[in-house]
Amino acid sequence: MSSEHDWRSALSSLDRYENIQKLKAAIEASDPASTSAQKDAFSKENEAYKNSASIDDYNAICSAPLAQQQQPPPSSPPFHQAVGEQDEAATSPGITIGSYHGCHHVAGGVTAEVYRAQARALKVITETRDIAPHDPFREAKILASLTSSSSSGSGSSQTSIIPLLETFRDQEQRFVLVFPYMPLTLESLLARREPVNRAQTRRIFTDIFGALKDLHARGIVHRDIKPSAVLLESPDGPAYLSDFGTAWHPKLSLATEPADGKILDIGTGPYRAPEVLFGDKSYGPPVDMWGAGAMLVECCREPPRRPLFESRAAHEDGNQLGLILSIFQTMGSPTRESWPKAAHFRTPPFEMYRAFDVREWSEILPEVEPPYRDLVSSLVKYDRSRATASEALDFLTSKCS
């Protein structure tokens, strides 16, 4: 039996994720209009994980009715609140992490917690056991190489990839990555009740496609493109691509993931590309472009927004089949003629699945104006002829206004 001191080491990442989902369901049941249930659940679980004296205490907090739980503050400051006002509103002195004082917890996940220290964001790695493809040390090396390329004058200016400022070990010997603090994410922008206008969309995606162009030119695949991975200085941008914890690098990843044997457990929910769902271990940059196209749809839709595809929580039975069904229902089922490479996947997406008629994008997205709809259709497609980041950037800057 685990002792009071080692119960955390016996708690698996899956256990923690399931508790997060329980908390999320409770929050949504209490407040169906909540737009921050996932973030609040992460924060509550992290609080229980850090402060509970035993596994029983931890489970009791995670299983308690919502009415008995004290809700945590939102993980991002309100849009009307300036950074200086957020500082003045702090009600505690915070904690010290390394040489950084006054650090306040703002967000958390299964492998890391994020703190704010004035103009810096500290990503503190709390889970170092092998949770492939998560690798914070590879993340640091990838970001350091990108920062080095930028500062040396080689390659692009790297302005649209969040810069890694430093790394260190804190007092508890936890690995810490330090970044500039950004008050918003694309996820929080999309959660607003106001539309995202086309000028905002164009500026934000110019930065996103620019960042992906830089990465793909170096053979790097981000592998987890989603709204929460896009950081914003303001609702109008600029935008920065972040969250490289699962990124694949042509040199740094080869020892554990050869180019034709990559891990399939990548991506998040409705932004996962279909080739990954059907077992193509040789996937590459097009998986990022699929995710970017799915995000673009949400920016072009009026609130309350819904993702292009429906996806259940990762821990639920049939979550992958549910996403496949949603993709097929939305776009129509692929065929051997429209997706010939898929015939050689581990699980070919043909005879085993119900066939749905192909739908035109004007029917799928009637509310989206043609230039943006055309851009989406070039990104969200089954075959490997998806637009590259460079092509998407050129189209956005020349055709979309």
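# A tour of the aromatic pairs and the last two helices

Begin by selecting Phe 278, Phe 328, Trp 339, Phe 345, Tyr 353 and Tyr 382, which form one aromatic cluster. The model on the screen is a predicted one.

**The chain as a whole.** Before going further, display the cartoon: the secondary structure comes to 13 helices and nine strands. Of the 401 residues in the chain, 48% are buried. If a surface is switched on, the chain exposes about 18,600 Å², and carbon and sulfur atoms supply 52% of that area. Among contacts between residues at least 6 apart in sequence, 64% join residues at least 24 apart.

**A tilted pair.** A pair of aromatic rings is described by the distance of the centres and the angle of the planes. The count for this model is 11 aromatic pairs. Select Phe 137 and Phe 175, whose ring centres are 4.7 Å apart; their planes meet at 35°, so the pair is tilted, a class that lies between the limits of 30 and 60 degrees. Phe 137 belongs to helix H5 (residues 136-152) and Phe 175 to strand S6 (residues 175-180), so this pair ties together parts that are 38 residues apart in sequence. Which of the two positions is buried, and which is partly exposed? Phe 175 is buried, with a relative accessible area of 9%, whereas Phe 137 is partly exposed at 34%.

**An edge-to-face pair.** Return now to the cluster and select Trp 339 and Phe 345, both of which are members of it. Their ring centres lie 5.3 Å apart and their planes stand at 85°, so this pair is edge-to-face. Trp 339 and Phe 345 are both buried.

**Charges over rings.** Next, select Lys 262 together with Trp 248. The charged end of Lys 262 sits over the ring of Trp 248, 4.6 Å from its centre. Then move to Arg 198 and Tyr 372: here the charged end of Arg 198 sits over the ring of Tyr 372, at 5.3 Å from the ring centre.

**Helices H12 and H13.** Tyr 372 leads to the last stop, for this residue is one of those in H12 that meet H13. Select helix H12 (residues 370-379) and helix H13 (residues 389-399); how do their axes cross? The axes come within 10 Å and cross at roughly 175°, and the two helices are therefore roughly antiparallel to each other. To view the contact, show the side chains of Pro 371, Tyr 372, Asp 374, Leu 375 and Leu 379 in H12, which meet Ala 392, Phe 395, Leu 396 and Lys 399 in H13.

How values were computed. Residues are numbered from 1 along each chain as its sequence is written. This is a predicted model: local features need pLDDT of at least 70, side-chain atom pairs count only at pLDDT 80 or more; totals for chains, interfaces and linings use all residues. Side-chain values use heavy atoms; hydrogens and water are left out. Rings of Phe, Tyr and Trp (its six-membered ring) pair if their centres lie within 6.5 Å; planes under 30 degrees apart count as stacked, over 60 as edge-to-face and the rest as tilted. Helices (H or I, at least four residues) and strands (E, at least two) are DSSP runs, numbered from the N terminus. Buried means under 20% relative accessible area, exposed over 50%, partly exposed in between (1.4 Å probe, protein chains only). A charge sits over a ring if NZ of Lys or CZ of Arg is within 6 Å of the ring centre and within 35 degrees of the ring normal. Contact means heavy atoms within 4.5 Å. Accessible areas come from the Shrake-Rupley method with a 1.4 Å probe; for residues, only the protein chains shown count as cover. Axes are lines fitted to C-alpha atoms, for helices over the stretch in contact, and angles run from 0 to 180 degrees between N-to-C directions. Angles under 35 degrees count as roughly parallel, over 145 as roughly antiparallel, 65 to 115 as roughly perpendicular and the rest as oblique.
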